[in-house]
Amino acid sequence: MASAAEQLARNLNFSTFSKAKALQQRIWFTLGALLVYRLGTFIPVPGIDPDAFAATFAQSEQGILGMFNMFAGGAVQRMAIFALNLIPYITASIVVQVVATASPRLEALKKEGESGRRKMNQYTRYLAVVFCAVQAYGVAAGLEASQGVVLNPGWFFRISTVITLVGGTMFLMWLGEQITSRGVGNGISLIIFAGIVANLPSTVVQTLELSRTGAIAPIAAFGVLVLALVVIAAIVFFERAQRRLLIQYPKRQVGNKMFQGDTSHLPLKLNTSGVIPVIFGSSLLLLPATIASFAAQGDAPQWLQVVTALLGRGQPLYLALFAFFIIFFAFFYTAIVFNPTETADNLKRSGGFIPGIRPGERTAQHIDYVLTRITVVGALYLTVVALIPEVVHNQLAVSQFIGGTSLLIMVTVTLDTVSQIQSHLVAQQYEGLVKKSRLGGGKRR
């Protein structure tokens with residue numbers, strides 16, 4: 001039997017959306033914020049020659065810089081003020097969450113509710129500034145090492161570049177938080193999503209042009225587009241897949257009346273962590289690879305040049321580390337967002353139980369067992385979706401904007417945003433039904 005929320009969701013229509021004024025304001029705010037972000041990706045860092053940098057970027061577009069450019073929505077290609085995007089902030093979030101699992105002080109902060117969450121976010125911002133400053137200095141040094149890119153090399157250029165790039169990332173952090181609180185969807189994910197989508201049309205045109213000029217075989221270009229459609233279909237299927245545990249509630253007596261026991265389901269998503277493992281894994285790989293690639297220019301030690309080559313996009317070590325990070329963060333983030341013990345305690349307090357499983361600790365163990373098994377499948381799905389197109393596109397030298405990582409981010413963020421919009425509409429319709437019932441009750445009296 002469908003729940004009340006599911007029945008309401010089926011009855012949603014355009015008239016329901018037209019009445020949801022608060023939701024419309026949230027959507028307009030989100031679109032306006034994303035427009036501001038896109039405008040920022042076209043404002044270049046002062047002190048560089050755009051033409052010289054474009055020539056330098058074209059030589060390494062298929063490498064680490066190309067991956068950075070994908071996350072930054074083309075800002076790296078133009079060396080804009082948002083070139084670092086939110087990668088330092090995401091890396092800082094990873095570090096803080098990992099440290100929190102081993103630090104009793106940070107663990108206690110997480111349990112303090114809203115105040116603890118604010119302190120954790122503040123620590124994340126401070127660490128993001130440090131990571132951003134390191135990466136920004138590496139970018140400045142790398143630009144100076146490139147012949148003819150910097151108009152006036154020196155400390156003034158380095159300091160101004162660091163301040164500009166750090167300021168751009170801090171602004172994006174603030175903008176993402178505003179979207180999350182006043183808009184629709186997760187602000188951080190939507191900013192990355194907007195950058196990828198904005199470059200998607202030109203990427204498709206570029207792929208078709210390569211096919212027309214013979215740079216890649218027409219059958220290969222067609223195969224890439226078919227592969228993209230297959231990957232999108234697979235992502236939609238796996239992101240909607242659930243394991244639903246049957247929950248029963250015993251009979252209860254109210255006064256002289258005996259009410260029949262009810263049943264419901266506890267939905268466990270196949271991929272509880274969403275797109276977070278892929279973003280986290282990419283971020284961790286980009287940080288050392290970027291520092292190594294910039295430091296390797298010029299007179300760098302031999303071992304650093306070897307590291308740079310091994311961490312190049314499409315290399316075996318890069319793919320192996322990427323797969324490891326995806327699987328690790330799939331389990332790590334699932335453990336953070338879903339607590340089987342807390343879920344079992346809530347079921348016990350409400351009188352619910354899983355048939356054949358004793359309430360309490362045994363229920364928590366059973367939920368954890370099921371969740372672990374489906375997370376294995378979810379982690380493998382994420383790994384395959386992220387790596388298989390990565391290998392194919394690297395062999396064909398096709399743009400990374402239609403790779404597995406970008407498609408995964410686009411589809412996952414879209415599904416999540418649509419789900420949040422639907423939740424707002426369901427809440428709007430439910431409030432309308434409650435008001436009508438109250439007015440009806442008042443007239444009868």
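**Note on helix α15, the nonpolar cores and Thr30**

1. In helix α15, which spans residues 340–350, the buried residues (under 20% relative accessible area with a 1.4 Å probe, protein chains only) are Pro340, Thr343, Ala344 and Leu347. Viewed down the axis of α15, these buried residues fall within an arc of 100 degrees, so they line one face of the helix; the arc is taken from the directions from the helix axis to the C-beta atoms. Helices here are DSSP runs of H or I with at least four residues, numbered from the N terminus.

2. This is a predicted model, in which local features need pLDDT of at least 70 and side-chain atom pairs count only at pLDDT 80 or more, while totals for chains, interfaces and linings use all residues. Residues are numbered from 1 along each chain as its sequence is written, and side-chain values use heavy atoms, with hydrogens and water left out.

3. At the start of α15, a side-chain oxygen of Asn339 comes to within 3.0 Å of the backbone nitrogen of Thr341, and after the helix comes Gly351, with a positive phi near 90 degrees.

4. The largest nonpolar core (buried Ala, Val, Leu, Ile, Met, Phe, Trp, Tyr and Cys residues joined through side-chain atoms within 4.5 Å) has 78 residues, and those touching the most other members are Met79, Ile90, Leu143, Ile235, Phe322, Leu408 and Ile409. A second, separate core of 13 residues includes Leu270, Ile354, Leu371 and Ile374.

5. Thr30 lies in helix α3, residues 21–40, and is buried, with a relative accessible area of 7%. A polar atom of the Thr30 side chain lies 2.9 Å from the backbone nitrogen of Val184.

Technical notes. Buried means under 20% relative accessible area, exposed over 50%, partly exposed in between (1.4 Å probe, protein chains only). Helices (H or I, at least four residues) and strands (E, at least two) are DSSP runs, numbered from the N terminus. A polar contact is a pair of N or O atoms within 3.5 Å; within protein, one must be able to donate a hydrogen and the other to accept it, and residues adjacent in sequence count only if both atoms are side-chain atoms.
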